[in-house]
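Hi everyone, thanks for making time for this. I'd like to walk you through one structure, so please have a look at it on the screen before I start.

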Amino acid sequence: MSSIASYTSAQSVWRSTGRGHFTKIGLATVAASVLAHALFYFVARAFVTYDPDFVILSNVSGAVIFTAFFAIAAVAVYAGLVRFTDNAVRNFKVIAAVFLVVSIVPDYTMILDEPGTSLGQATVLALMHVIA
């Protein structure tokens, strides 16, 4: 019985705040994430030399495109959690932590086998995952 009541409560919160509210916050979140990645890309370049053969960090556009895509996906996941779960923030934190760990592992395992890669560049990529 309580799960039905809490589900109804989550639906009423969704309806009372409106989709426009989530859309505005979601767009601001995506924009802030993209801006933070672009800024970090250039700051990190002052400390780590990006090898032009390492395509992933050859220019900032790759980081911006992937950041925008996955930030939009994260906003959609959060909106779904708000709509369908009782504790969206806790659930989102768990999902985000799992995805963070899963996304960092290839930076130090598979990426280091790519041409032009260095440990510094792999660390830049890992830190970009944390920033996202």
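**A walk from one tyrosine outwards**

Let me begin with a single residue: Tyr-41 has a relative accessibility of 1%, so Tyr-41 counts as buried, the limit being under 20%. Please keep in mind that this is a predicted model.

What does the ring of Tyr-41 pair with? The structure holds 4 aromatic pairs. In one of them, the rings of Tyr-41 and Phe-42 sit with their centres 5.2 Å apart and their planes at 90°, so we call this pair edge-to-face. Phe-42, though, has a relative accessibility of 43%, and therefore counts as partly exposed. Ring pairs also bring in Tyr-50, which makes a cluster of Tyr-41, Phe-42 and Tyr-50.

Another pair to look at is Phe-69 with Phe-70. That pair is edge-to-face too, at 4.9 Å from centre to centre and with 85° between the planes. Are these two rings buried or exposed? Phe-69 is exposed, with a relative accessible area of 54%, and Phe-70 also counts as exposed, at 53%.

Let's step back to the overall layout. The protein has 4 helices and 0 strands, so to speak a pattern of α-α-α-α when you read along the sequence. Of its 132 residues, 27% count as buried. The accessible surface comes to about 8,500 Å², and 73% of that belongs to carbon and sulfur atoms. If you take the contacts between residues at least 6 apart in sequence, 64% of them join residues at least 24 apart.

Now to the core, and back to our tyrosine. Which residues make up the largest nonpolar core? There are 12 of them: Phe-40, Tyr-41, Ala-44, Val-48, Tyr-50, Phe-54, Leu-57, Ala-63, Ile-111, Val-124, Leu-125 and Met-128. Helices α1 and α4 each supply at least two residues of this core. As background, nonpolar side chains in soluble globular proteins tend to be buried together.

One core member I'd like to point out is Leu-57. Where is Leu-57 found? Leu-57 is in the loop between α1 (2-45) and α2 (60-84). With a relative accessibility of 1%, Leu-57 counts as buried. Setting aside neighbours within four places in sequence, Leu-57 is in contact with Tyr-41, Tyr-50, Gln-121, Val-124, Leu-125 and Met-128. Leu-57 and Arg-45 are 12 residues apart along the chain, and their C-alpha atoms are separated by 9.6 Å.

Last stop, helix α3. This helix covers residues 88-108, which is 21 residues, and reaches 31 Å from its first C-alpha to its last, close to the 30 Å expected at 1.5 Å a residue. Its buried residues are Ala-88, Asn-91 and Asp-107. Why do we say that they line one face of the helix? Seen down the axis of α3, the buried residues fall within an arc of 140°, so one face is what they line. Lys-93 and Val-101 are exposed on the other side of α3. As for what covers the buried residues of α3, that includes α2 and α4 (119-131).

To close where I began: Tyr-41, buried at 1%, is part of the ring cluster with Phe-42 and Tyr-50, belongs to the largest nonpolar core and is in contact with Leu-57. Thanks for listening, and I'm happy to go back to any part of this.

Definitions and conventions: Residues are numbered from 1 along each chain as its sequence is written. This is a predicted model: local features need pLDDT of at least 70, side-chain atom pairs count only at pLDDT 80 or more; totals for chains, interfaces and linings use all residues. Side-chain values use heavy atoms; hydrogens and water are left out. Rings of Phe, Tyr and Trp (its six-membered ring) pair if their centres lie within 6.5 Å; planes under 30 degrees apart count as stacked, over 60 as edge-to-face and the rest as tilted. Buried means under 20% relative accessible area, exposed over 50%, partly exposed in between (1.4 Å probe, protein chains only). Contact means heavy atoms within 4.5 Å. Accessible areas come from the Shrake-Rupley method with a 1.4 Å probe; for residues, only the protein chains shown count as cover. The expected span of a helix is 1.5 Å times one less than its number of residues. The arc is that of the directions from the helix axis to the C-beta atoms. A nonpolar core is a set of buried Ala, Val, Leu, Ile, Met, Phe, Trp, Tyr and Cys residues joined through side-chain atoms within 4.5 Å.
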